[in-house]
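Welcome, and please open your viewer so that you can follow along. We will go from stop to stop, selecting residues and looking at what surrounds them.

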Amino acid sequence: MSLFWRIFSLNAVGLFVAAALLLGPVTVSTPVLPGEALAVVGGLVGLLAANALVLRVGLAPLKRLGGAMSTADLLRPGARAPVAGPAETAELITTYNTMLDRLEAERATGAARALSAQERERHRVAQELHDEVGQTLTAVLLQLKRVADRAPGELREEVAQAQEATRAGLDEIRRIARRLRPGVLDELGLSSALRSLAAEFTTHGLTVRHQIAGDLPHLTEESELVLYRVAQEGLTNTARHAAADRAEIRLRPVADGVELLVRDNGRGVGGAPEGSGIGGMRERALLIGAVLSVGSAPDGGTDVRLSVPLTAVGGP
């Protein structure tokens, strides 16, 4: 029964009872006797209680819908309001769930296009840095070497300093190019790329260990790139914000796919709101239907866990 007919029926019953009492033998004295007043007040309270119960039961699905709407997050897809209640309310909830399905699909499609364009632009910039800026600095190094061979003694130290600065700049350019587009991922695969990433983030204050399983299933190119980028962003957050001295990368097969874990022993996430880095990881996870969770590690640090389903795993 619809909410309208529920309320209308209850009100109609109350009005019919009131009319029957007026037309029947029941009378009210003047002045009103205590028993008569008690009967009238009791009937009124009963009618109001029944009306409140019908409204509470009928409007409860709308309250649940409001709660679901206030907590909806397109970066955490799948949550839907339960369809219940009268016909109008059930239809409204169904329409909302359908709208949410469409919004999530459109967001995933748009994010896929944007991230694909971003990766192409990263690849182009990395290629230009490596081919143009890198080659230019290499040529400068060679020229500085020839100058150092012919420079007088009092200038050789300054030329050597210029060589070291140029060499440091060349190393930095290559590091930036690797961050923009990991060539080792294309050439040697995900396992080697993650080991290289762990070595790259291992500095004087941070030690990054890795545990990469050898029996990983074959992953699609898109899934490998998402796994690498999530690991890279997780270690970047660790190095910048966690104040940790140990971190680790784990990649292992699970029953329904593969799982990546980036763990540190830093200060943890606490109640801080998620920044753009975690938001970017969630966007990438949506591209392959993966589930990303960020929480506290057993030792008080941070766990970034990415579960990639079998649908994102390629054939053998």
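The tour below moves through strands, a core, some single residues and a cavity.

**Before you start**

This is a predicted model, in which local features need pLDDT of at least 70 and side-chain atom pairs count only at pLDDT 80 or more, while totals for chains, interfaces and linings use all residues. Residues are numbered from 1 along each chain as its sequence is written, and side-chain values use heavy atoms, with hydrogens and water left out.

**Stop 1: strand β3 and its partners**

Select residues 257–264, which form strand β3. Helices (H or I, at least four residues) and strands (E, at least two) are DSSP runs, numbered from the N terminus. Is β3 largely enclosed or open? Eight of its eight residues are buried, so β3 is largely enclosed by the rest of the structure. Here, buried means under 20% relative accessible area, exposed means over 50%, and partly exposed lies in between (1.4 Å probe, protein chains only).

Now add strand β2, residues 246–254. β2 and β3 pair in the antiparallel sense over eight bridges; two strands count as paired if DSSP finds at least two bridges between them. To see one bridge, select Arg 252, whose partner in β3 is Glu 259. Then look for the hairpin that joins β2 to β3 through two residues.

Next, select strand β5, residues 302–309. β5 also pairs with β3 in the antiparallel sense, over seven bridges. Try Gly 257, which stands opposite Pro 309 in β5. As you look along the strands, keep in mind that in a regular strand the side chains alternate between the two faces of the sheet.

**Stop 2: the largest nonpolar core**

A nonpolar core is a set of buried Ala, Val, Leu, Ile, Met, Phe, Trp, Tyr and Cys residues joined through side-chain atoms within 4.5 Å. The largest one has 33 residues, and those touching the most other members are Leu 190, Val 208, Leu 227, Val 230, Leu 235, Leu 260 and Leu 306. Which elements supply at least two residues each? They are α6 (190–201), β1 (207–212), α7 (221–242), β2, β3, α8 (276–287) and β5. Helix α7 gives the most, with seven residues.

Zoom in on Leu 227. Leaving out residues up to four places away in sequence, Leu 227 touches Leu 190, Leu 219, Leu 251, Val 258, Leu 260, Leu 306 and Val 308. Contact here means heavy atoms within 4.5 Å. Apart from this core lies another, of five residues, including Leu 65, Ala 81, Tyr 96 and Leu 100.

**Stop 3: along helix α7 and just past it**

Select Thr 238 in helix α7. Thr 238 is buried, with a relative accessible area of 4%. Not counting neighbours within four places in sequence, Thr 238 is in contact with Leu 206, Ala 243, Ala 244, Ala 247 and Asp 264. Use the distance tool on the C-alpha atoms of Thr 238 and Arg 267: they are 29 residues apart along the chain and separated by 9.5 Å.

Ala 243 deserves its own click: this residue is in the loop between α7 and β2. Is Ala 243 buried or exposed? Ala 243 is exposed, with a relative accessible area of 63%. It has a positive phi of about 55 degrees although it is not a glycine.

**Stop 4: two more helix residues**

Select Arg 195 in helix α6. Arg 195 is partly exposed, at 35% relative accessible area, and touches His 210 and Ile 212, not counting residues up to four places away in sequence.

Now go to Thr 89 in helix α3, residues 87–150. With a relative accessibility of 4%, Thr 89 counts as buried. Beyond its neighbours within four places in sequence, Thr 89 is in contact with Gly 58, Pro 61, Leu 62 and Ala 84.

**Stop 5: the cavity**

For the last stop, select Ala 72, Asp 73, Arg 76, Ala 79, Arg 80, Leu 100 and Glu 104, which line the largest cavity. On a 1 Å grid over the protein atoms alone, a cavity is a set of points where a 1.4 Å probe fits but cannot get out, and lining residues have an atom within 4 Å of a point. By class, the lining has three nonpolar, no polar and four charged residues. Ala, Val, Leu, Ile, Met, Phe, Trp, Tyr, Cys and Pro count as nonpolar, Asp, Glu, Lys and Arg as charged, and the others, Gly among them, as polar.

Technical notes
1 Å grid on protein atoms, 1.4 Å probe; cavity = no way out; pocket = protein on both sides within 12 Å on 5 of 7 lines; lining within 4 Å.
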